[in-house]
Amino acid sequence: MLKRPWMLATAESCTGGMIAAACTDLAGSSAWFERGLVTYSNEAKTELLGVPAELIAAHGAVSEPVARAMASGALQHSRAQVALSVTGIAGPGGGSPDKPVGTVWFGWATPHGVWSEVQHFAGDRAAVRAATVRHSLTRLVALLTPQT
């Protein structure tokens with residue numbers, strides 16, 4: 001982030017700000033962390049990130065289109081050049097056969113595009129949330145690291 005220099009914004013649902021907290025736990029993070037948005041409700045996703053309510057209604061909050069829209073919205077509603085988003089089902093309730101507990105959709109947005117993927121994490125609520133934080137940041141570093 002510092003080499004470019006770029007700033008990061010986060011848009012979090014199931015982690016409730018844990019990714020932003022992990023970033024700001026690092027001394028000097030103000031040089032690269034711009035803001036974190038906790039958009040736990042569907043209304044917050046729409047109001048703070050500009051995710052269309054129709055998109056959420058059509059696909060559900062835990063979906064690829066919503067994760068991508070959250071990441072893009074975080075860029076549009078911040079001064080950051082990089083954003084990441086997470087939306088998932090941490091449990092213990094809320095799962096379904098199509099989207100079981102542990103399902104998490106991720107989105108990453110940079111000036112070069114938007115990426116997304118789904119992961120299915122095992123464990124209790126704390127384990128799912130911790131795995132989500134780790135994966136979101138690990139994948140972000142991979143996306144920003146030049147390939148040799």
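Buried, in what follows, means under 20% relative accessible area, exposed means over 50%, and partly exposed lies in between, with a 1.4 Å probe and protein chains only. Helices (H or I, at least four residues) and strands (E, at least two) are DSSP runs, numbered from the N terminus.

The model is predicted: local features need pLDDT of at least 70, side-chain atom pairs count only at pLDDT 80 or more, and totals for chains, interfaces and linings use all residues. Residues are numbered from 1 along each chain as its sequence is written, and side-chain values use heavy atoms, with hydrogens and water left out.

I begin with helix 2. Glu43 and Glu47 are exposed on one side of this helix, and on the other side from them its buried residues are Ala44, Lys45 and Leu49. Seen down the axis, these buried residues fall within an arc of 105° (taken from the directions from the helix axis to the C-beta atoms), so they line one face of helix 2. In general, an α-helix has 3.6 residues a turn, so residues three or four places apart point the same way.

What do the buried residues of helix 2 pack against? Their partners, by contact (heavy atoms within 4.5 Å), are strand 1 (8-12), strand 2 (33-38), strand 3 (82-88), helix 3 (53-59) and helix 4 (64-76). Just after helix 2, Gly50 has a positive phi of about 75°.

I turn to the salt bridges, each defined as a side-chain nitrogen of Lys or Arg within 4 Å of a carboxyl oxygen of Asp or Glu. The count under this rule is two. One joins Glu117 to Arg139, with an N to O distance of 3.1 Å. This pair links distant parts of the chain, since Glu117 belongs to strand 5 (residues 113-120) and Arg139 to helix 5 (residues 125-144), 22 residues apart. Glu117 counts as buried at 18% relative accessibility, while Arg139 is partly exposed at 26%.

The other salt bridge pairs Arg35 with Glu34, and their closest N and O atoms are 2.5 Å apart. Arg35 has a relative accessible area of 26% and is partly exposed; Glu34, at 22%, is also partly exposed.

Finally, helix 5 appears again at the largest pocket. Fifteen residues line this pocket, and Met1, Leu2, Leu140, Val141 and Leu144 lie nearest its centre. Helix 5 supplies the largest share of the lining, four residues.

Notes: 1 Å grid on protein atoms, 1.4 Å probe; cavity = no way out; pocket = protein on both sides within 12 Å on 5 of 7 lines; lining within 4 Å.
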